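This report introduces the structure to a reader who has not met it before. The text is best read with the sequence and the model side by side.

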Amino acid sequence: MLNSRRLVLAHFWLAFTVFGLALVLGAWQMFIRSPLHTWISNPEWYYRSLTAHGTVMGYVFPTLVAMGFGYAISEVSLNQPLIGRKWAWAGFWLIVVGAVMAMIPVALGRASVLYTFYPPLIGSPFYYLGVVLVVVGSWIWVALMSVNLHAWKKANPGAPVPLPMFANVAGSYLWGWTAVGAALELLLQILPVAFGLKSTIDAGLSRVFFSWTLHAIVYFWLMPTYIAYYTIVPRAIGGKVYSDTMARISFILFLVVAMPIGMHHTFADPQVGAGFKFIHSAFTALVALPTLLTVFTICASVEIAARMRGGRGPLGWIRALPWSNPIMLAVAFSFVMLGFGGAGGLINMSYQLDTTIHNTQWITGHFHLIFGGAIVIMYFAIAYDLWPHLTGRAMRDLGLMRLQLWLWFVGMIVTTFPWHWVGILGMPRRMAYYDYTDPAVAPQAVSVMLSAIGGFILLASGLLFIVILLRAQRAPREEAGLYRFSAALHPPVAVPALNSYALWIALMVGLTVTNYGFPIAQLALRSDTSVPAVYVGANP
Amino acid sequence: MTTQDHDVEEARVAERVERRWATLSIAIIVVLAGAAAFAGIHQATMPQGRVETIQPQIIHLSGEFTEANLGSAAEPDGSVTVRAVGQQYSFTPQCMVVPADTPVVFRATSPDVVHGFLIQGTNINTMLVPGYVSEIPARFKQPGEHLMPCQEFCGVGHEGMWAKVKVVDRTEFLTMSSKNRRVTCVE
Ligand code: HEM
Ligand SMILES: [Cu+2]
Ligand SMILES: [Cu+2]
């Protein structure tokens, strides 16, 4: 059952529209700071663009995808009309209003603080209020997912929650809780200063608050992709999910261990001591577990599909896969990028190796590869898979879809590999220009140029994606049939501890309190480390 | 064998394979965390362990980070301490001198916003957060020059915030430091 089509389509269209706009900014940034362009005469424009690009790509775009997909999952997998559709629209409009409210001061140069905020830099209060509205809109979605699940559970006592909904709700709870860190930072620290009620701020404390959000938000971005791996890919290529239980364990692990590890973002910070840095580092290692489990289960599921199609031999089955199917192509590319990105991630999380690449262009290269690459390519796949069911129209541009995915994959490799490399050479991030005539910087010029070329390939792919969606919207009407998620090879009969969340939420909150409570309390009680706010754009 | 039996048997095999993989995954993770702990205990490069605070608004007026005290100081035990301040949008001193093959400690802080402290070609890389002192032990193998950019966005002048670190021969450094209490290479 997919009744709320307009609602889901509205989320997807808004998501992909803002994505397209931010992509143009991304390509512009790449060009401006590369040797292909002379120094930008007013660097301030670069930081406006960077704030807009980061805010949209980090907060607005993935949140809308998760929400739209979440509503579809709730209706389809529970086979139950969405409860609270009016509220869902309210959440959507809050995001629209919030995004516009945030982007106006950014465009005017009154909030060039970048999406990480980092006080004591302080921009226009409307920028932060806009971000808060986006988060509040998404919290409505979190509540609705919970309400819908509970209504279904009441009607189906004891039945295992369908895997897509189980994962979706886990993701929503994770987001609900992880957003609290930045929300506390905004409400307790930044907004009072932005409104002029207070004039000083503790930068160390705000970095710790932000790290609470900054890590697990990554897993929120990743949730739709993992849900698609487990519940769309096997069906789309004619196979089954190898293990339903392992899938549930993976999602629960994300819920529990994604949170209490965020202080790995403060390894290089002076305001956190060795003890908590090490604890967070050790917990960070744990979060690799659900990904390792997922890689195994998905590879096994894909192999099952190949063997069902007559594939043979230890590796010969790979040839039997439906390579002309865009979903197959997307998941293969996604896994390759996940592999490279994951290897890079092991370096970032390492207590010792981190210092060689901390805050260099390696980091921007890394998260574009994982987030823009492995994750976003599956957002494309989700849209391609759902679109005929949302629009009631045929989707016939298979060739264009394959081309689009190839371009995104190739573009991502061309963009991010040299991006990593200049990071190793020590190129700092977030700079409007670099002096490539300096003999110490000159060796980086070629790599940056390559990245910029990759950026244009990505831009072409992103625009092609939007064209494909638009064309499908105008295609002839065609009944797409019932939308289904993948079936499990061995469907679950009873899933005792893996059917509800109370225990896991308690663990998530408990671990956050043990891993964050003391450092936050200690920093909050300190009075002599605050600095006066530095207002951005105050004197144009 | 009935299809049902066959199914049950298959499910059991699937579970066994899966359990093996899960065990292997956990082993990989334990080895990784263990390696980090081992390297930590044996004093490989380590993130800063101790939290040291400083009142950011008065660092120019008194104490360790007054202007006259910035630069490299030869310590009685033969090591060198380099004190620096990062502010919008420069480092003081703009050019730092250190001797090669000598234990060096960088101590730095910021009076205004968050800055970064990264010496290219080394693994010296930390944050300067107002209110806190960053301390990094280091040792440079060879004489040479390194660029030192600020690696965190600190405002519209961030792209211009670069300093230099000059590594000189130990004897050359000692001559310099016999003439000046604090050594820099600012011209
Ligand atoms: C889905 C795709 C993308 C996502 C999700 C994404 C996300 C982000 C985020 C979150 C930032 C951080 C902003 C900050 O540091 O304040 C960023 C920075 C940046 N992005 Fe993207 N981006 C995407 C695509 C692109 C593309 C296609 C390009 C190039 C054509 C690009 C170029 C850049 C550049 C140049 C920066 C600034 C790096 C720096 O100066 O340190 N991005 N991006
Ligand atoms: Cu993280
Ligand atoms: Cu800076």
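## A contact between two chains

The side chain of Gln120(B) has a polar atom 2.8 Å from the backbone oxygen of Gly426(A). The model in which this contact appears is a predicted one. On the chain B side, Gln120(B) belongs to the loop that runs between β6 (115-119) and β7 (124-128). Gln120(B) is buried, its relative accessible area being 8%.

## The iron site of ligand 1

Two histidines of chain A, His53(A) and His368(A), coordinate the iron atom of ligand 1 through their NE2 atoms at 2.0 Å. His53(A) is part of helix α2 (residues 43-78) and His368(A) is part of helix α13 (residues 361-391), so this pair ties together parts of chain A that are 315 residues apart in sequence. The iron atom of ligand 1 has six donor atoms around it, and the angles they subtend, 83 to 179°, make the arrangement octahedral. Of the two histidines, His53(A) may be described further: this residue is buried, because its relative accessible area is 11% and the limit for buried residues is under 20%.

The surroundings of ligand 1 comprise 28 residues, and the closest are Gln29(A), Tyr46(A), His53(A), His368(A) and Arg430(A). By character, the shell around ligand 1 consists of 16 nonpolar, nine polar and three charged residues. Five helices of chain A, namely α1 (5-32), α2, α13, α14 (398-424) and α15 (445-473), each contribute at least two residues to this shell. The greatest share comes from α13(A), which gives seven residues.

Several polar atoms of the protein approach ligand 1. An N or O atom in the side chain of His368(A) is 2.8 Å from a nitrogen atom of ligand 1. The side chain of Arg429(A) has an N or O atom 3.2 Å from an oxygen atom of the ligand. Arg430(A) takes part through its backbone, where a polar atom is 2.6 Å from an oxygen atom of ligand 1.

## Two copper ions

Which residues hold the copper ion that is ligand 2? The donors are His215(A) through ND1, and His264(A) and His265(A) through NE2, at 1.8 to 2.1 Å. Along the sequence these donor residues follow the spacing H-x48-H-H. His264(A) counts as buried at 11% relative accessibility, whereas His265(A) counts as partly exposed at 29%.

The copper ion that is ligand 3 is bound by chain B. Its protein donors are Cys150(B) (SG), Glu152(B) (O), Cys154(B) (SG) and His158(B) (ND1), which lie 2.1 to 2.5 Å from the ion. The spacing of these donors along the chain is C-x1-E-x1-C-x3-H. The four donor atoms of ligand 3 form angles of 82 to 127°, and the site is irregular. Glu152(B) and Cys154(B) are both buried.

## Backbone features

Several residues show backbone angles that deserve attention, and the table lists them.

| Residue or bond | Angle | Value |
|---|---|---|
| Pro119(A) to Pro120(A) | omega | near 10° |
| Thr92(B) to Pro93(B) | omega | near -5° |
| Leu114(A) | phi | near 65° |
| Phe117(A) | phi | near 65° |
| Gly310(A) | phi | about 95° |

The peptide bond from Pro119(A) to Pro120(A) is cis, and Pro120(A) lies in the loop between α3 (85-107) and β1 (121-122) of chain A. The loop between α3 and β1 also holds Leu114(A) and Phe117(A). Leu114(A) has a positive phi although it is a residue other than glycine, and Phe117(A) likewise has a positive phi as a residue other than glycine. Leu114(A) is buried, with a relative accessible area of 1%; Phe117(A) counts as buried at 1% relative accessibility.

In chain B, the bond from Thr92(B) to Pro93(B) is cis, and Pro93(B) is placed in the loop between β3 (90-92) and β4 (95-99).

## Two further helices of chain A

Helix α10 (residues 288-308) of chain A contains 21 residues and spans 30 Å from its first C-alpha to its last, close to the 30 Å expected at 1.5 Å a residue. Gly310(A), with its positive phi, comes just after α10(A).

Ala502(A) lies in helix α16 (residues 502-524) of chain A. Is Ala502(A) buried or exposed? Ala502(A) is exposed, with a relative accessible area of 60%. Its C-alpha atom is 35 Å from that of Ile363(A), a residue 139 positions away along the chain.

Terms used:
Residues numbered from 1 in each chain as written. Chains lettered and ligands numbered in written order. Predicted model: local features only at pLDDT ≥ 70, side-chain atom pairs only at ≥ 80, totals over all residues. Heavy atoms only, no water. Donors = N, O, S within 2.8 Å, 3.2 Å for Na, K, Ca; no water. Tetrahedral: all angles 85-135°; square planar, octahedral: opposite > 155°, others 65-115°. Helix = DSSP H or I, 4+ residues; strand = E, 2+ residues; numbered from the N terminus. Buried < 20%, exposed > 50% of the residue type's maximum accessible area, 1.4 Å probe, protein only. Near = heavy atom within 4 Å. Polar contact = N/O pair within 3.5 Å; in protein donor to acceptor, adjacent residues only side chain to side chain. Nonpolar A, V, L, I, M, F, W, Y, C, P; charged D, E, K, R; others polar. Expected span 1.5 Å × (residues − 1).
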